[in-house]
Amino acid sequence: MVDTGIRFVMAKRASSYQLTTNFDREASNWIWSFGWRSMFSRIGEVIFGKWDNLVVGAFMGTAVLGNYTMAYRLALTGSQLTQQPIAVISHSTYASAQAEKENLQLALEKAVYWLFRGAVLFALLVWFAGAETTVFLYSAKWTLAGASFKNMFVFVALLPLLTHLKVFLIGSDNINRQLKSQAVQILSFFPLLILAAYREDLVAVSWALNASSIATM
């Protein structure tokens with residue numbers, strides 16, 4: 001609360017914008033409509049990101065959960081190095097060109113062109129050297145994490161594209177499509193995840209991630 005208060009005061013002092021008492025009902029309705037849908041999108045992200053930890057820990061134990069968490073964090077590296085650095089710029093670009101179909105298409109094509117090639121490169125590195133690199137960096141006790149990470153290569157390849165498409169859909173005012181895509185992701189992941197965890201097969205959990213990524217695309 002203190003941090004937020006200080007940021008607000010400093011931002012207000014730095015900005016020339018002055019708050020007014022006027023109430024715009026149309027703008028308020030738009031903000032509310034967009035806001036609750038964004039909230040559900042964020043809730044879906046949290047559920048997707050936490051449910052697998054809960055299931056793996058419950059069925060397979062905390063030791064295996066540690067290996068899975070390590071593998072999952074390594075799998076996020078590709079997206080963090082490719083998609084995340086351009087996320088803010090791409091979102092503002094799509095938002096500013098919502099009604100310009102040709103510009104939206106051009107921006108998406110240019111972004112996906114490089115994201116796809118970078119993601120495929122990361123996926124190949126993960127498949128051919130992911131397990132060995134994990135053991136080399138973290139020691140042999142993380143061998144299971146290395147095997148899980150290696151088998152996440154499809155997830156590694158598709159995650160930057162899926163994340164960027166989410167930014168595209170939200171920025172271009174198609175958040176309803178984003179919510180439908182997120183529902184497909186969750187509904188395709190959960191049954192496969194529970195089955196893989198019940199069989200106590202961590203590699204199968206990795207392939208559940210891969211399958212949900214393919215279904216979402």
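Guide: A helix here is a DSSP run of H or I with at least four residues, and helices are numbered from the N terminus. The model under discussion is predicted.

Visitor: How many salt bridges does a search of the whole structure find?

Guide: A salt bridge pairs a side-chain nitrogen of Lys or Arg with a carboxyl oxygen of Asp or Glu within 4 Å. The search of the whole structure finds 3.

Visitor: How far apart are Glu45 and Arg42 in helix α2?

Guide: In general, an α-helix has 3.6 residues a turn, so residues three or four places apart point the same way. Glu45 and Arg42 are 3 residues apart in helix α2 (residues 25-60), which means that about one helical turn separates them. Their salt bridge has its closest N and O atoms 2.7 Å apart. Arg42 is exposed, at 52% relative accessibility, while Glu45 is partly exposed, with a relative accessible area of 24%.

Visitor: Which other residue meets Glu45 in a salt bridge?

Guide: The side chain of Lys166 does, at 1.5 Å from N to O. This pair links distant parts of the chain, with Lys166 in helix α8 and Glu45 in helix α2, 121 residues apart. Lys166 is partly exposed, its relative accessible area being 21%. Through shared partners, the salt bridges join Arg42, Glu45 and Lys166 into one network.

Visitor: Which side chains meet in a salt bridge within helix α1?

Guide: Those of Asp3 and Arg7, at 2.9 Å from N to O. The two residues are 4 apart in helix α1, and about one helical turn therefore lies between them. Asp3 is partly exposed at 47% relative accessible area, whereas Arg7 counts as exposed at 58%.

Visitor: Is helix α1 well covered or hardly covered?

Guide: A residue is called buried under 20% relative accessible area. Helix α1 is hardly covered, since the count of buried residues among its 13 residues is 0. Helix α1 (residues 2-14) reaches 18 Å from its first C-alpha to its last, close to the 18 Å expected at 1.5 Å a residue.

Visitor: How should one read the crossing of α8 and α10?

Guide: One may consider the distance, the angle, the hand and the residues in contact. The axes of helix α8 (residues 153-171) and helix α10 (residues 202-216) come within 8 Å and cross at roughly 35 degrees. The crossing is left-handed. On the α8 side, Phe153, Val154, Phe155, Leu158 and Leu162 take part, meeting residues of α10 that include Trp207, Leu209 and Ile214. By class, this contact has 8 nonpolar, 3 polar and no charged residues.

Methods:
Residues numbered from 1 in each chain as written. Predicted model: local features only at pLDDT ≥ 70, side-chain atom pairs only at ≥ 80, totals over all residues. Heavy atoms only, no water. Axes fitted to C-alpha atoms, helices over the stretch in contact; angles between N-to-C directions. Left-handed = near helix turned anticlockwise from the far one by under 90°. Contact = heavy atoms within 4.5 Å. Nonpolar A, V, L, I, M, F, W, Y, C, P; charged D, E, K, R; others polar. Expected span 1.5 Å × (residues − 1). Buried < 20%, exposed > 50% of the residue type's maximum accessible area, 1.4 Å probe, protein only.
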